[in-house]
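Work through these exercises with the model open beside you. Try each task before you read its solution.

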Amino acid sequence: NGIAIVCTRYEYVPGRANPKITLVDPQIVNGCQTSNVLFEVWKEHPSKLLQIEVLVRIYATADDATSRQIALATNTQSRIISRDLK
């Protein structure tokens, strides 16, 4: 299901097909398994990642409570509790 990232803000140039996005204070809140698999493939066969597309959802908020709510909401398939988010 891709990767969910919370950051305090993001920047990009609108109107481009594949814009580069700059994230400020990024934190992966869902998709750790996906991220680790991509990293392991990159270490062994970086050229294989040239054809990979990954859905990334970016949430921008400076509010810690909202960040926690996003983390909980995006992790519905595996039960986590607030202690796991620390």
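**Exercise 1. Find which residues Ser-67 touches, leaving out residues up to four places away in sequence.**

Solution. This is a predicted model, so work with its coordinates as computed. Step one: locate Ser-67 in helix H2. Step two: list its partners. Ser-67 touches Val-6 and Thr-61. Step three: check its accessibility. Ser-67 has 17% relative accessibility and counts as buried, because buried means under 20%.

**Exercise 2. Place Thr-61 and describe its surroundings.**

Solution. Step one: find the element. Thr-61 lies in the loop between strand S5 (56-60) and H2. Step two: decide whether Thr-61 is buried or exposed. Its relative accessible area is 16%, so Thr-61 is buried. Step three: collect the contacts, again skipping residues up to four places away in sequence. Thr-61 touches Val-6, Cys-7, Thr-8, Thr-66, Ser-67 and Ile-70. Step four: look for a polar partner. The Thr-61 side chain reaches the backbone nitrogen of Asp-63 at 3.1 Å.

**Exercise 3. Work out what Ile-70 contacts beyond its neighbours within four places in sequence.**

Solution. Step one: find Ile-70 in helix H2, which spans residues 64-73. Step two: read its accessibility. At 14%, Ile-70 counts as buried. Step three: name the contacts. They are Val-6, Val-29, Tyr-59 and Thr-61. Step four: compare sequence with space. Ala-4 is 66 residues from Ile-70 along the chain, yet their C-alpha atoms are separated by 8.9 Å.

**Exercise 4. Sort the sides of H2: which residues are buried, and which exposed residues are on the face turned away?**

Solution. Step one: list the buried residues of H2. They are Ser-67, Ile-70 and Ala-71. Step two: check their directions. They cover an arc of only 100° around the axis, so they sit on the same side of H2. Step three: recall helix geometry. An α-helix has 3.6 residues a turn, so residues three or four places apart point the same way. Step four: turn to the face away from the buried side. There you find the exposed residues Gln-69 and Ala-73. Step five: ask what covers the buried residues. The cover includes strand S1 (3-7), strand S4 (27-30) and S5.

**Exercise 5. Identify the salt bridges and say how exposed their residues are.**

Solution. Step one: count them. There are two salt bridges. Step two: take the pair Glu-11 and Arg-9. Their side chains meet at 3.0 Å, N to O. Glu-11 is partly exposed at 40%, and Arg-9 is partly exposed at 44%. Step three: take the pair Lys-43 and Glu-40. Their side chains meet at 3.3 Å, N to O. Both lie in helix H1 (residues 32-44), three residues apart, about one turn of the helix. Lys-43 is partly exposed at 44%, and Glu-40 is partly exposed at 42%.

**Exercise 6. Find the nonpolar surface patch and place Ile-21.**

Solution. Step one: name the members. Tyr-10, Tyr-12 and Ile-21 make a patch of about 290 Å². Step two: locate Ile-21 in the loop between strand S2 (9-11) and strand S3 (22-24). Step three: read its accessibility. At 40%, Ile-21 counts as partly exposed.

**Exercise 7. Describe the whole chain: how many helices and strands are there, and in what order?**

Solution. Step one: count two helices and five strands. Step two: read from the N terminus. The order is β-β-β-β-α-β-α. Step three: find the buried share. Of the 86 residues, 19% count as buried.

Terms used:
Residues are numbered from 1 along each chain as its sequence is written. This is a predicted model: local features need pLDDT of at least 70, side-chain atom pairs count only at pLDDT 80 or more; totals for chains, interfaces and linings use all residues. Side-chain values use heavy atoms; hydrogens and water are left out. Helices (H or I, at least four residues) and strands (E, at least two) are DSSP runs, numbered from the N terminus. Buried means under 20% relative accessible area, exposed over 50%, partly exposed in between (1.4 Å probe, protein chains only). Contact means heavy atoms within 4.5 Å. A polar contact is a pair of N or O atoms within 3.5 Å; within protein, one must be able to donate a hydrogen and the other to accept it, and residues adjacent in sequence count only if both atoms are side-chain atoms. Patches are made of residues with over 30% relative accessible area and no salt bridge: like charges are joined within 9 Å, nonpolar side chains (Val, Leu, Ile, Met, Phe, Trp, Tyr) within 5 Å. Accessible areas come from the Shrake-Rupley method with a 1.4 Å probe; for residues, only the protein chains shown count as cover. A salt bridge is a side-chain nitrogen of Lys or Arg within 4 Å of a carboxyl oxygen of Asp or Glu. The arc is that of the directions from the helix axis to the C-beta atoms.
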